[in-house]
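This report introduces a protein chain together with its ligand, beginning with the place of the ligand and ending with the backbone.

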Amino acid sequence: MVRVRTAILISGTGSNMEALIRAAQSPDYPAEICLVISNKPDAKGLVTATKLGIPALCIDHNPYADRESFERDIHAVLIDHDIELVALAGFMRVLTTDFVAAWAGRMINIHPSLLPKYKGLHTHQRALDAGDTEHGATVHWVVPELDSGTIIAQRAFPIHANDTQASLRDRLRPIEHGLYIDALASAARHVAASLRPGNPDS
Ligand code: GRF
């Protein structure tokens with residue numbers, strides 16, 4: 001099986017990143033995690049990735065004059081590492097239309113809500129405020145409009161009467177990990193089929 005060369009972009013803890021790296025340690029998993037990039041130098045995920053043997057580097061957005069030049073450098077590093085698929089996992093920078101277009105059909109994101117509900121921030125609180133009876137996470141293809149691309153997979157769980165923003169966040173996290181592992185596998189199969197049509201080993 002030819003595995004799809006995948007990069008994970010993070011900004012913080014990287015618990016989803018860690019789940020994906022561990023899943024991809026299995027040779028049967030269709031994505032190979034080849035690179036982790038953080039836009040924050042102190043992201044805990046950089047340390048975790050390095051410990052797990054994955055090349056991990058920081059491209060700090062702060063010194064850049066604009067989004068375009070920051071993204072040009074990210075793009076160059078991705079190309080340099082022959083990356084075929086990008087998985088955003090808690091990457092807290094909005095991406096420009098040009099960058100998204102360059103990775104159209106080859107970039108996915110995990111969002112902590114049952115999209116199309118609660119695009120953007122503070123999703124747990126918004127679910128509580130709305131009196132929802134369930135909450136969850138979604139993995140979707142990235143398009144220029146925030147949190148709006150075609151849904152790859154979604155997983156829900158019940159909200160209890162005594163739930164808080166913190167309890168929802170804590171219960172959601174392990175659900176996200178399983179969801180993202182399955183969704184990245186499905187996205188990688190899709191990318192392999194489009195990049196290597198007719199290759200039975202893809
Ligand atoms: C997750 O809740 C994810 O849905 C959101 O950012 C958070 C990242 O958490 N996009 P972690 O860094 O993977 O622990």
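## The pocket and its ligand

In this predicted model, the ligand takes up the space of the largest pocket. The residues found around the ligand are T13, G14, S15, N16, G90, I110, H111, P112, R173 and E176, and this shell divides into two nonpolar, six polar and two charged residues.

Three elements of secondary structure each supply at least two residues of that shell, namely the helix α1 (15–23), the strand β5 (107–111) and the helix α6 (165–195).

## Contacts with the ligand

Oxygen atoms of the ligand take part in several polar contacts, and these involve both side chains and backbone. In the case of S15, an N or O atom of the side chain is 2.5 Å from an oxygen atom of the ligand, while for N16 a backbone N or O atom lies 2.8 Å from a ligand oxygen. R173 contributes a polar side-chain atom, which is placed 3.2 Å from an oxygen atom of the ligand. When the ligand is taken alone, it exposes 370 Å², and the protein buries 85% of that area.

## The chain as a whole

The protein chain contains six helices and seven strands, and when it is read along the sequence these elements follow the pattern β-α-β-α-β-α-β-α-β-α-β-β-α. The radius of gyration of the protein chain is 17 Å, close to the 17 Å that the globule rule gives for 202 residues, and the chain is therefore as compact as a globular protein of that length.

Taken along the principal axes, the C-alpha atoms of the protein chain fill a box of roughly 50 × 45 × 35 Å.

## Two details of the backbone

Two places in loops deserve a separate look. The peptide bond that joins L115 and P116 is cis, with an omega of about 15°, and P116 itself is found in the loop between β5 and α5 (123–129). The strand β5, which precedes this loop, is also one of the elements that supply at least two residues of the shell around the ligand.

The other place is D82, a residue other than glycine whose phi has a positive value, near 55°. D82 is found in the loop between the helix α3 (67–80) and the strand β4 (85–88).

Conventions: Residues are numbered from 1 along each chain as its sequence is written. This is a predicted model: local features need pLDDT of at least 70, side-chain atom pairs count only at pLDDT 80 or more; totals for chains, interfaces and linings use all residues. Side-chain values use heavy atoms; hydrogens and water are left out. A residue is near a molecule or strand if one of its heavy atoms lies within 4 Å of it. A polar contact is a pair of N or O atoms within 3.5 Å; within protein, one must be able to donate a hydrogen and the other to accept it, and residues adjacent in sequence count only if both atoms are side-chain atoms. Accessible areas come from the Shrake-Rupley method with a 1.4 Å probe; for residues, only the protein chains shown count as cover. On a 1 Å grid over the protein atoms alone, a cavity is a set of points where a 1.4 Å probe fits but cannot get out, and a pocket is an open set with protein on both sides within 12 Å along at least five of seven lines; lining residues have an atom within 4 Å of a point. A molecule sits in a cavity or pocket if more than half of its atoms lie within 2 Å of its grid points. Helices (H or I, at least four residues) and strands (E, at least two) are DSSP runs, numbered from the N terminus. Ala, Val, Leu, Ile, Met, Phe, Trp, Tyr, Cys and Pro count as nonpolar, Asp, Glu, Lys and Arg as charged, and the others, Gly among them, as polar. The radius of gyration is taken over C-alpha atoms; the globule rule is 2.2 Å times the number of residues to the power 0.38.
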